[in-house]
Amino acid sequence: MNVFTAALAAALVVAWAVLVIVAQQLNPEQSPLSMGMSGLARGHCPWVMKSAFLCRGGAALMLLIALPAVVGVAGLTLSGVLAFWVWGVASAALALIDTDMPGEPPSQMGAVHITVAMLAYVCGVVGAVVLSVVALRMHALGGASVLALLLALAAAVAMVVQFVAFGVAAGEARTAAEGAALAAAAGVATTAVTPDAAAPPAGVPPQLTAAGQTPPGARSGKVPTVRRGPGDRARDLLAVFDALAPYAGLLQRVFVGLLMAWTLLVAVGVVRSY
């Protein structure tokens, strides 16, 4: 029975991968780089991605049926099993909870989808790390235990990075929407700009050029030296985060792919242990 459920978990991981690829092919207008996978459940043939959610959850739950026979269910193991169980149940539940698409007003259903997804991600990582540590200490999966722990830790890093990427992308979207709303309410005011004031000398920040004022260094042709402080270094760090936003969808796929690869590896390890 345990061998069968572990093999079924591995098969569901493969089915998940195939369904995600098919769903993406059916929705070429949704960029795999910037858009999350949940949007595929709102596109063409949404049942394909919804089936992928069910396979993702089913793979986790089938693995949890087989894994206790190898690592037991006491102490630390139980906490890992419970955390990974939440990952499985929440992943399957996403098939029933639609996300909001770009350009749509926020909805309660979309907020629930995000909450459930984040809960699933965190619990999935916690469960994978804990169960990997237990398997390594018990030598339950042989050499696969080390690789399983490495995959779990890589998934933890990928989860944090994709959270940052989606957070930055959401902030940029809110800023753009607020700017568009203000422009629509106030109208676009055009003011005549004199040729002399149209473009400040090269290298001079615009705020240093006031109307009728000659900026420092303009007469001599020298560009004033701008000293960089802690605030500039902080902005440089934020710029790195900003660079992640266009790749939020890809980072999500990497993260989920790592957790599914962990599931496949552990499932195969359970099968080989018998």
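This note goes through a predicted model of one protein, point by point.

1. **Overall make-up.** Start with the secondary structure. The protein has nine helices and zero strands. Read along the sequence, the pattern is α-α-α-α-α-α-α-α-α. The protein has 274 residues, and 38% of them are buried.

2. **Contacts along the chain.** Take the contacts whose partners are separated by 6 or more positions. Of these, 76% join residues 24 or more positions apart. Keep that figure in mind when you look at the helix pairs below.

3. **How to read a helix pair.** Two packed helices are described by the angle between their axes and the distance between the axes. Two pairs are covered here.

4. **H2 with H9.** Helix H2 covers residues 46-66, and helix H9 covers residues 248-272. Their axes lie 10 Å apart, at an angle of about 30 degrees. The crossing is left-handed. Which residues make the contact? From H2 come Arg56, Ala59, Leu63 and Ala66. From H9 come Val256, Met260, Trp262, Thr263, Val266, Ala267 and Val270. By class, this contact has nine nonpolar residues, one polar and one charged. Arg counts as charged, so Arg56 of H2 is the charged residue in this contact.

5. **H4 with H5.** Helix H4 spans residues 76-93. Its axis and that of H5 come within 7 Å and cross at roughly 145 degrees. This crossing, too, is left-handed. The contact of H4 with H5 holds 17 nonpolar residues, six polar and one charged.

6. **The largest pocket: size and centre.** What is the volume of the largest pocket? The value is about 1,200 Å³. The pocket is lined by 34 residues. Nearest its centre lie Thr99, Asp100, Ile114, Phe166 and Ala170. Find these five in the structure to place the pocket.

7. **The largest pocket: its walls.** Three helices each give two or more residues to the lining: H5 (108-138), H6 (144-186) and H9. Which helix gives the largest share? H6 does, with nine residues. Sorted by class, the pocket lining has 19 nonpolar, 12 polar and three charged residues.

8. **The cavity.** How many cavities of 30 Å³ or more are there? The count is one. The largest cavity has a volume of about 40 Å³. Its lining is made of Leu67, Val71, Leu131, Ser132, Ala135, Leu141, Ala148, Trp262 and Val266. H5 and H9 each supply at least two of these residues. H5 gives the most, with three. The lining has eight nonpolar residues, one polar and no charged ones. Note Trp262 and Val266. They line the cavity, and they also belong to the contact of H9 with H2.

9. **Asn27.** Now turn to the loops. Asn27 sits in the loop between helix H1 (2-26) and H2. Is Asn27 buried or exposed? Asn27 counts as buried because its relative accessibility is 0%, and the cut-off for buried is under 20%. Leaving out residues up to four places away in sequence, Asn27 touches Leu40, Gly43 and His44. Take Gly43 as an example. Asn27 and Gly43 are 16 residues apart in sequence, yet their C-alpha atoms are 6.4 Å apart in space.

10. **Cys45.** The loop between H1 and H2 also holds Cys45. Phi of Cys45 is near 50 degrees, a positive value in a residue other than glycine. Cys45 has a relative accessible area of 35%, so it is partly exposed.

11. **His139.** A positive phi also turns up at His139, again a residue other than glycine. Here the value is near 55 degrees. Where is His139 found? Its place is the loop between H5 and H6. His139 counts as exposed because its relative accessibility is 65%, and the cut-off for exposed is over 50%.

12. **What to look at again.** Go back to H9 in the structure. H9 packs with H2 at about 30 degrees. H9 gives two or more residues to the lining of the largest pocket. H9 also supplies at least two residues of the lining of the largest cavity. Then look at H5. H5 crosses H4 at roughly 145 degrees, and H5 gives three residues to the lining of the largest cavity.

Methods:
Residues numbered from 1 in each chain as written. Predicted model: local features only at pLDDT ≥ 70, side-chain atom pairs only at ≥ 80, totals over all residues. Heavy atoms only, no water. Axes fitted to C-alpha atoms, helices over the stretch in contact; angles between N-to-C directions. Helix = DSSP H or I, 4+ residues; strand = E, 2+ residues; numbered from the N terminus. Left-handed = near helix turned anticlockwise from the far one by under 90°. Contact = heavy atoms within 4.5 Å. 1 Å grid on protein atoms, 1.4 Å probe; cavity = no way out; pocket = protein on both sides within 12 Å on 5 of 7 lines; lining within 4 Å. Points joined across faces, edges and corners; volume = space filled by probe spheres on them. Buried < 20%, exposed > 50% of the residue type's maximum accessible area, 1.4 Å probe, protein only.
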